[in-house]
Amino acid sequence: MNLIVEIFYLAAAVLFILGLKQMASPVTARRGIVWAGIGMVLATAITFVHPHVNSNYLLIVIGIALGGGIAWKTGKEVAMTDMPQMIALYNGMGGGAAAAIAAVELIKQHEMDLTVQLLAVFGALIGTIAFSGSLIAFGKLQGIKQLRGAFRFKNQQRINAGLFIVVAWMGLGIATSGTDYSMVVLFLFFALALAFGVMMTLPIGGADMPVVISLYNAFTGLAVGLEGYVLDNPAMMIAGIVVGSAGTLLTQLMAKAMNRPITNVLFSNFGETSGEAQEVTGSMKAIEAPDAAIMMAFAEKVIIIPGYGMAVAQAQHKIWEMTKQLQERGVTVKFAIHPVAGRMPGHMNVLLAEAGVPYDIIYDLDEINEEFRTADVALVIGANDVVNPVARIDPSSPIYGMPILNADYAKNVIVVKRGQGAGFSGIENHLFFADNCRMLYGDGQAVANELITNMKEL
Ligand code: NAP
């Protein structure tokens with residue numbers, strides 16, 4: 001029976017890896033999710049006949065039904081724009097589950113190899129931090145009033161460092177004392193690790209939340225992998241390592257996209273405006289849909305920059321319809337995607353794929369940034385921070401140093417947004433005041449519709 005279980009676990013692990021590989025491209029991503037899902041079903045189902053699982057079947061079934069039911073319902077209902085906080089929440093549950101496994105093993109106080117005990121405690125520590133930290137991240141993204149913004153006080157970093165040293169010291173004590181640790185210390189260790197996750201996340205501003213969630217994702221993966229080692233469960237080990245390394249890579253990529261080292265994300269005051277912001281000169285100039293339609297219809301090249309507002313307006317289908325009209329007129333249309341556009345990695349790619357935009361006209365920042373100089377029109381739809389030239393020039397700005405899409409280098413820029421609303425970072429956008437920029441006010445979907453109607457009449 002053991003051999004059969006091991007074979008199933010191996011098959012599940014292979015499915016996780018192949019699934020993840022397929023998620024790397026939008027063309028195969030859906031299939032990748034299904035494969036990884038099948039892997040998870042296999043791993044879960046075979047666990048019922050695992051020789052070590054010989055009781056509590058009812059409890060397991062109730063757990064699966066409850067967790068699976070809630071996840072199924074919320075997963076179906078969640079709005080695309082609320083996806084990051086859902087990821088934070090699910091990710092936190094993973095970390096919590098890993099920590100719970102460690103807690104169960106440590107409460108039993110059974111003999112463990114020193115290495116195994118060290119790994120169990122380390123997994124408990126990072127799993128617990130990922131759990132409470134992710135819950136705070138969820139609250140921040142959900143806009144819970146008390147958690148909004150960055151919560152800072154004097155000597156915060158020192159207090160946090162002190163707290164971490166105490167938790168790590170207790171953990172080391174538990175890990176190296178065989179079965180000879182007190183339950184009170186174990187309880188305190190978990191309670192302080194929970195508190196550290198909260199304290200570590202509270203001072204981090206909203207704009208950095210995606211990087212933090214990705215970091216906790218890596219923590220969760222590592223914690224699951226470590227507890228897999230403790231339980232001698234290869235499927236858990238491999239799944240955990242895959243999630244841990246994918247999370248680590250994603251964290252690095254996102255930090256790079258924002259041009260900031262991860263230490264800076266965790267320990268600096270990013271996300272808050274500090275110092276004197278640079279004065280904006282010029283004024284915002286409005287344009288009406290008929291004029292914007294003419295400008296684009298008679299252009300040679302149009303580059304479309306989607307942002308969070310396109311997701312809010314669900315304008316992707318209309319934008320694709322408009323693109324097809326432009327293409328029929330012989331206009332070259334390309335889409336430029338900033339790595340942190342929207343509210344989660346790949347947000348814009350998912351929306352454009354959903355609308356049926358072919359992948360070969362969608363370009364990443366590095367691929368397209370040089371092309372703006374040759375574009376007749378840059379159409380910015382619901383994007384703001386990712387095209388804010390202040391990132392290049394104003395060291396006092398919270399987005400200073402973040403690479404942006406060079407929309408302002410295009411001959412003409414049309415910005416579609418509802419009004420004077422700021423972007424995620426809450427700062428003024430100098431692009432909107434530029435001489436070559438015109439503001440086309442309105443909801444993204446309604447405006448796209450108007451543009452289509454006007455183009456048809458030309
Ligand atoms: P953004 O800076 O948040 O700006 C979005 C703009 O869309 C707003 O200025 C808003 O202006 C407009 N808008 C909102 N609803 C609209 C609608 N229905 N129709 C038309 N426009 C609408 O967006 P972004 O340029 O995509 O930048 C993303 C920001 O989010 C970055 O700061 C990034 O760091 C952060 N972030 C990214 C992620 C990620 O992983 N991608 C996750 C979390 C945070 P009006 O209110 O005037 O309409």
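## A guided tour, starting at a salt bridge

Select K334 and E371 to begin: these two form a salt bridge, with their closest N and O atoms 3.0 Å apart. The pair links distant parts of the chain, since K334 sits in strand β2 while E371 belongs to the loop between α15 (365-368) and β4, 37 residues apart. Both K334 and E371 are buried. Keep in mind as you look around that this is a predicted model.

**Next stop: more charged pairs**

Side chains of opposite charge can pair when their charged atoms come close. How many salt bridges does a search of the whole structure find? The search finds seven.

Now pick D376 and K411. Their salt bridge has its closest N and O atoms 3.4 Å apart. D376 lies in the loop between α15 and β4, and K411 in the loop between α16 (390-393) and β5, so this pair ties together parts that are 35 residues apart in sequence. Is D376 buried or exposed? With a relative accessibility of 17%, D376 counts as buried; K411, at 47%, counts as partly exposed. Add K301 to your earlier selection, too: salt bridges that share partners join K301, K334 and E371 into one network.

For another setting, move to helix α3 (residues 57-77) and show K73 and E77. Their side chains meet in a salt bridge of 2.7 Å, N to O. Because they are four residues apart in the helix, K73 and E77 are separated by about one helical turn. E77 is exposed, with a relative accessible area of 55%.

**The sheet**

Switch to a cartoon view and find the six strands that form an open sheet. In which order do the strands come? Reading across, you meet β3-β2-β1-β4-β5-β6, and the pairing is parallel. At the edges are β3 (362-364) and β6 (437-441), each pairing on one side only. From one strand to the next, the twist averages 25°.

Walk across part of the sheet strand by strand. Strand β1 (residues 301-306) is joined to β4 (residues 377-381) by five bridges, and here I303 stands opposite A378. Five bridges also join β4 to β5, where A378 stands opposite V413. Then β5 is joined to β6 by five bridges; select V415 to see it opposite M439. Strand β5 is mostly covered, with five of its six residues buried.

**Helices on the sheet**

Two helices are worth showing next. Helix α14 (residues 347-355) packs on the sheet and touches β1, β2 (332-337) and β3, its direction making about 145° with that of β2. Helix α17 (residues 444-457) also packs on the sheet, touching β4, β5 (412-417) and β6; its direction makes about 105° with that of β6.

**Last stop: a nonpolar patch**

Finish by turning on the surface and selecting L10, V14, L18, V34, W35 and I38. Together they make a nonpolar surface patch of about 520 Å². Which elements give two or more residues to the nonpolar patch? They are α1 (2-22) and α2 (29-47). Pick out V14, which has its place in helix α1: with 43% relative accessibility, V14 counts as partly exposed.

Terms used: Residues numbered from 1 in each chain as written. Predicted model: local features only at pLDDT ≥ 70, side-chain atom pairs only at ≥ 80, totals over all residues. Heavy atoms only, no water. Patch = residues over 30% accessible without salt bridge, like charges linked within 9 Å, V, L, I, M, F, W, Y side chains within 5 Å. Areas by Shrake-Rupley, 256 points an atom, 1.4 Å probe, with all protein chains shown as cover. Salt bridge = Lys/Arg side-chain N within 4 Å of Asp/Glu carboxyl O. Buried < 20%, exposed > 50% of the residue type's maximum accessible area, 1.4 Å probe, protein only. Pairing = 2+ DSSP bridges. Axes fitted to C-alpha atoms, helices over the stretch in contact; angles between N-to-C directions. Contact = heavy atoms within 4.5 Å.
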